[in-house]
Amino acid sequence: NDRWWTNTQPLLTENDTTIRPFKVNCSDHVLRDLKVRLKNIRNYNTLNGTNWNYGTNSDYILSLVRYWQEHYNWRKHESMINDNFNHYKTNIQGLDIHFIYQNGTFPANKVILLIHGWPGSFYEFYKVIPLLTAKEYVVIVPSIPGFGYSDHPQKSGLGTIETATIFMQLMQRLGHNYYYVQGGDWGAAIANTMAVLDPKIPVLVPVGIADFPKEVFRPPRSWLTHRYNNIITYNTLANGGHFAALEQPQLLAMDLIAFITKTEELYSQGNIESP
C-alpha cells in the first residue's frame with residue numbers, strides 16, 4: 001500500500017487524498033494531430049481471398065479511417081461522456097486515478113465495482129451503468145492505471161496485485177467496505193486478486209460466471225469448479241463474446257443482477273458466510 005508509482009516520493013504531509021470532480025476535455029491540439037495522422041495513413045491491400053486470415057482486412061480498416069476523417073465527431077461524444085456520467089479523480093500511491101461514481105435516484109441498494117480490461121477503458125460500460133443504476137445500485141467504474149484518464153506509472157512493476165491494491169484503497173476512500181466486483185479480461189484478473197487480498201471477505205468468496213458463447217477462451221465448467229469453490233450462478237448466455245459489456249449490455253447486467261440477488265438470498269438464509 002505504501003509503494004509510490006511516480007519518480008518523486010512526496011512527504012506524507014503532501015499526500016493528497018481528496019476526491020476531485022473531473023471533466024473529459026481533449027485539447028484542440030490533440031484533435032488536430034489526430035486528423036493529420038489519419039490523413040497520412042498508408043494505404044495497403046489485403047491479399048485476394050484471405051479476408052482476415054493474415055491480419056486486419058484493408059477494406060475494413062480504410063473505411064474506418066475514412067469514417068474518422070469525415071464523420072466522427074469527438075466533441076459530441078465528449079459531451080455525452082461528461083453529461084451522462086459523474087467523473088472524479090483521486091490520488092493513490094502517487095497516481096491520479098480516474099473513476100465514474102454513478103447512483104440512481106433512489107437510496108443505494110448495493111455497490112458494484114466494474115473493471116474494464118485490455119485494450120478497453122471505462123467506456124466499455126457506458127450502456128451497462130444506467131441499467132444497474134435503474135435498479136438502485138451504486139456503480140463505480142475506475143480506469144486502470146495507464147488507461148483512459150488514470151495516470152500511468154513511472155516505475156515498472158505495476159501488475160494485477162498492485163492494481164487490485166489501488167482499487168481496494170479507492171473503495172475504502174469512497175466509504176465502501178463491502179461491494180460486488182465484476183470484470184472481464186484484465187478486469188477479471190484484478191477482481192480475483194482483490195478477493196484474495198481483502199481480509200474482510202469470507203474464505204469462500206461467492207462467484208458468478210457469465211459464459212458468453214463467442215468468448216475467445218472458454219474454460220470448461222469442470223475447470224472453473226476446481227478453481228472456484230463457491231460458484232453461485234453459472235449461466236451460458238445466448239449471445240456475446242469477449243467485450244460483453246459493449247456487445248450485450250442487457251444480458252451482462254441481467255446476469256450480474258441475478259448473481260447479486262441469489263447471493264443476497266443465500267446470505268439472508270445463512271447458507272453462505274456473510275462478510
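This passage walks through helix packing, buried residues and unusual backbone geometry in a predicted model.

A good place to start is helix α3, which spans residues 74-84. Three of its residues, E78, I81 and N82, are buried. Because these residues cover an arc of only 90° around the axis, they sit on the same side of α3. An α-helix has 3.6 residues a turn, so residues three or four places apart point the same way. The buried residues of α3 pack against β2, the strand formed by residues 87-92. K76 and D83, in contrast, lie on the other side of α3 and are exposed. The N-terminal end of the helix is capped by N73, which places a side-chain oxygen 3.1 Å from the backbone nitrogen of R75.

C26 brings a loop into contact with this part of the model. The residue is located between β1 (19-21) and α1, and its relative accessibility of 18% makes it count as buried. Leaving aside neighbours within four places in sequence, C26 is in contact with L31, W74, R75 and E78. R75 is thus a contact of C26 as well as the residue whose backbone nitrogen is approached by the N73 cap. E78, for its part, is among the buried residues of α3 and also touches C26. As a long-range reference, C26 and A245 are separated by 219 residues in sequence and by 25 Å in space, taken from C-alpha to C-alpha.

Helices α1 and α2 form a pair worth following on the structure. They pack at an angle of about 145°, and their axes are 10 Å apart. The crossing of α1 past α2 is left-handed. At this contact, L34, L38 and K39 of α1 meet V65, W68 and Q69 of α2.

The loop that joins these two helices, between α1 (28-39) and α2 (58-70), contains N57. With a relative accessible area of 11%, N57 is buried. Its side chain makes two approaches to backbone nitrogens: that of D59 lies at 3.0 Å, and that of Y60 at 3.2 Å. Beyond residues up to four places away in sequence, N57 touches Y44, T46, N51 and W52. The next stop is S58, which belongs to helix α2 and is buried, with a relative accessible area of 4%. When residues up to four places away in sequence are not counted, S58 touches Y44, N45 and T46. Y44 and T46 therefore appear among the contacts of N57 and again among those of S58, as judged by heavy atoms within 4.5 Å.

A second helix pair is made by α5 (residues 160-173) and α6 (residues 186-197), which pack at an angle of about 70° with their axes 8 Å apart. The two helices are therefore roughly perpendicular to each other. α5 passes α6 in a right-handed crossing. On the α5 side, the residues involved are T160, I161, T163, A164, T165, F167 and M168, and they meet W186, A189, I190, T193, M194 and L197 of α6.

F167, found in helix α5, deserves a closer look. At 0% relative accessibility, this phenylalanine counts as buried. With neighbours within four places in sequence set aside, F167 is in contact with I97, I115, P142, S143, I144, P145, I190 and M194. Among these contacts, I190 and M194 are also part of the α6 side of the helix pair. F167 is 47 residues from G120 in sequence, and their C-alpha atoms are 17 Å apart in space.

Finally, a few backbone features invite attention. Most residues other than glycine have a negative phi, and most peptide bonds are trans. The peptide bond from W118 to P119, however, is cis, with omega near 0°. P119 is placed in the loop between β4 (111-115) and α4 (128-133). N51 is not a glycine, yet its phi is positive, near 55°. This residue lies in the loop between α1 and α2 and is one of the residues that N57 touches. E136, also not a glycine, has a positive phi of about 75°. E136 is found in the loop between α4 and β5 (138-142), where it is partly exposed, with a relative accessible area of 33%.

Conventions. Residues are numbered from 1 along each chain as its sequence is written. This is a predicted model: local features need pLDDT of at least 70, side-chain atom pairs count only at pLDDT 80 or more; totals for chains, interfaces and linings use all residues. Side-chain values use heavy atoms; hydrogens and water are left out. Buried means under 20% relative accessible area, exposed over 50%, partly exposed in between (1.4 Å probe, protein chains only). Helices (H or I, at least four residues) and strands (E, at least two) are DSSP runs, numbered from the N terminus. The arc is that of the directions from the helix axis to the C-beta atoms. A polar contact is a pair of N or O atoms within 3.5 Å; within protein, one must be able to donate a hydrogen and the other to accept it, and residues adjacent in sequence count only if both atoms are side-chain atoms. Axes are lines fitted to C-alpha atoms, for helices over the stretch in contact, and angles run from 0 to 180 degrees between N-to-C directions. Angles under 35 degrees count as roughly parallel, over 145 as roughly antiparallel, 65 to 115 as roughly perpendicular and the rest as oblique. A crossing is left-handed if the near helix is turned anticlockwise from the far one by less than a right angle, and right-handed if clockwise.
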